[in-house]
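Visitor: I'm new to this one, so could you take me through a single part of it up close? Pick the sheet and whatever packs around it, and go slowly.

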Amino acid sequence: MAAESAQYEELVRQFSAFGAVKREMNRLMPSDCPGGSAAVLTVLGRHGDMRMSRLAELLSVDMSVTSRHVTHLAERGWIERSPDPADKRSRILRLTPAGQTRLDELFRRTTQLLAERLGDWPDEEVDDLTRLMARLRESFGDPRPVPRQASPSLEQTTRTPAST
């Protein structure tokens, strides 16, 4: 049991240190699109049009936080809010073409950073990391699928030029 405890203690230390990775990824975001706004764009890009309540659920944040991000994105023309035909009191959120362009740019920046930092990793280790991170999310009860981006411009992105 002591060895098991030491493993989990090391895992806790790694999680704490992982904040540096997230901070670096957030630093590459444009100033007009902070992390929360980027998350909204990402969810809409992956899952399509939806109500704000569904967006808040998928982001695992309060409706007031979601509303702030939605307002920020709508003011920039990256998403639009239209009446829900099934319930006129609700709004359906959808990416605009400008929002898709911004999302593509964010994806390109993030992919480039990961390619730079993990470029010397064997493909199998990157695959293992991806699989284990998905499994960890599932262990914490996060059943949300993370489908691959459907945009052709994003599918053409590779990890590193050396891997092609």
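Guide: Start at isoleucine 79, which sits opposite leucine 95 of strand E3. This is a predicted model, by the way, so treat the picture accordingly. Isoleucine 79 belongs to strand E2, residues 79–84, and E2 is joined to E3 by 6 bridges, with the two running antiparallel. Follow the chain from E2 into E3 and you'll find a hairpin, with 2 residues between the strands.

Now look at the other neighbour of E3, which itself covers residues 87–95. Strand E1 pairs with E3 over 2 bridges, again in the antiparallel sense. Here methionine 50 is the residue to find: it faces leucine 93 in E3. Put the pieces together and you have an open sheet of 3 strands, ordered E1-E3-E2. E1 and E2 are at the edges with a single partner strand each, so one side of each has no neighbour in the sheet.

Next, bring in helix H2. H2 lies across E1, E2 and E3, and runs at about 95° to E3. H2, residues 35–47, also packs with helix H3, residues 52–59, at an angle of about 110°, their axes being 10 Å apart. That angle is why H2 counts as roughly perpendicular to H3. Want to see where the two helices touch? On the H2 side, look for Ala39, Val40, Val43 and His47; on the H3 side, they meet Leu55, Leu58 and Leu59. Sorted by type, the residues of this contact come out as 6 nonpolar, 1 polar and no charged.

Notes. Residues are numbered from 1 along each chain as its sequence is written. This is a predicted model: local features need pLDDT of at least 70, side-chain atom pairs count only at pLDDT 80 or more; totals for chains, interfaces and linings use all residues. Side-chain values use heavy atoms; hydrogens and water are left out. Axes are lines fitted to C-alpha atoms, for helices over the stretch in contact, and angles run from 0 to 180 degrees between N-to-C directions. Helices (H or I, at least four residues) and strands (E, at least two) are DSSP runs, numbered from the N terminus. Angles under 35 degrees count as roughly parallel, over 145 as roughly antiparallel, 65 to 115 as roughly perpendicular and the rest as oblique. Contact means heavy atoms within 4.5 Å. Ala, Val, Leu, Ile, Met, Phe, Trp, Tyr, Cys and Pro count as nonpolar, Asp, Glu, Lys and Arg as charged, and the others, Gly among them, as polar. Two strands pair if DSSP finds at least two bridges between them.
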